[in-house]
Amino acid sequence: MLAHIPPPSPEEAGKGGGEALADGSDSPAANASGSRAMARSRAISEYTEAEDKSMRLGFLLIAAGLFSLLGLGCCWLRPALQERGGGSSANCTVLAVRQLGERFFCTFSCGTACRGTARYPCLQVLVRTSRSSAPALLHEDERQLRTNPKCSYIPPCARDDQENSENVTYKQKYWKEKVGSQPFTCYFNQHLRPDDVMLKRTHDETVLLHCFLWPLVTFLVGVLIVVLTICAKSLAVRAEAIKKKKHL
């Protein structure tokens, strides 16, 4: 004969159901804690990605600043320092202004794919510096000296030779009538080019400033981004540690 098992009372049934809810993983409290954990992990993941991007940007700017400084140093800074270190300034006075019978060729542009040649007379301006009594040939700058070391002036190249001659004649009158015997500042290098002086330097203080300034600014911005990212990461770690201590 089977034994009769009485059904559980309402109090026992309620107690059992409560224990099932308390121990089950589908309770509202467990779901809320799981959602908070997922949100926290998602925020940490997003922060880590943003941190990595900031660090990469910072290191990229640092590298760009260093390479720019090296490139500009080789292309501009070194020649400028050599020019300024080897040359010095002086007061120049015009001794003679003359045109030579020799004419030189120049290249003019007449369109996108059109170029031609014209000629211009050679103008020479002889000066005497305050550092030496020997006459020297005046040039506009270092670039003009390398292009045509025999002349003091190269006019803007025009198609018409007559227009080039008029430009040179105007420059000749300027040095004879307007400058005359008035002293003016010139630059020379007694060791490399004792017979030539320049009216202006090709590499002045502005070029030197730009060679240093922009690569340095790029480098400092990159360093600042990296430092701020590291500081933000450190503060986030400390804040997380403080939160864990409070929950404990």
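**Cysteine pairing and the surroundings of Gln-144**

Cys-231 is partly exposed, with a relative accessible area of 40%. The structure described here is a predicted model. A search of the whole structure identifies three disulfides, which are described in turn below.

One disulfide links Cys-92 and Cys-186, with a sulfur-to-sulfur distance of 1.7 Å. The torsion about this S-S bond is 65°, and the link between Cys-92 and Cys-186 is right-handed. Cys-92 belongs to strand 1 (residues 88–109) and Cys-186 to strand 4 (residues 184–189); the pair therefore ties together parts of the structure that are 94 residues apart in sequence. Cys-92 and Cys-186 are both buried.

Strand 1 also contributes a cysteine to another of the disulfides, that between Cys-106 and Cys-157, for which the S to S distance is 2.1 Å. The link of Cys-106 and Cys-157 is right-handed, with 70° about the S-S bond. Because Cys-106 lies in strand 1 and Cys-157 in the loop between helix 3 (142–147) and helix 4 (161–179), this pair ties together parts that are 51 residues apart in sequence. The two partners fall into separate accessibility classes: Cys-106 has a relative accessibility of 9% and counts as buried, whereas Cys-157, at 23%, counts as partly exposed. The assignment follows from the cut-off, since buried means under 20% relative accessible area.

A further disulfide is formed by Cys-122 and Cys-151, whose sulfur atoms are separated by 2.0 Å. The torsion about the S-S bond of Cys-122 and Cys-151 is about -130°, so this disulfide is left-handed. Cys-122 is located in strand 2 (residues 115–129) and Cys-151 in the loop between helix 3 and helix 4; parts that are 29 residues apart in sequence are therefore tied together by the pair. Both Cys-122 and Cys-151 are buried.

The environment of Cys-151 includes a residue of the preceding helix. Cys-151 is one of the residues touched by Gln-144, which is found in helix 3. Gln-144 is buried, with a relative accessible area of 6%. When residues up to four places away in sequence are not counted, Gln-144 touches Ser-152, Tyr-153 and Ile-154 in addition to Cys-151, as well as His-139. The side chain of Gln-144 also reaches the backbone nitrogen of Glu-140, at 2.9 Å.

Technical notes: Residues are numbered from 1 along each chain as its sequence is written. This is a predicted model: local features need pLDDT of at least 70, side-chain atom pairs count only at pLDDT 80 or more; totals for chains, interfaces and linings use all residues. Side-chain values use heavy atoms; hydrogens and water are left out. A disulfide is a pair of cysteine sulfur atoms within 2.5 Å. Helices (H or I, at least four residues) and strands (E, at least two) are DSSP runs, numbered from the N terminus. Buried means under 20% relative accessible area, exposed over 50%, partly exposed in between (1.4 Å probe, protein chains only). A polar contact is a pair of N or O atoms within 3.5 Å; within protein, one must be able to donate a hydrogen and the other to accept it, and residues adjacent in sequence count only if both atoms are side-chain atoms. Contact means heavy atoms within 4.5 Å.
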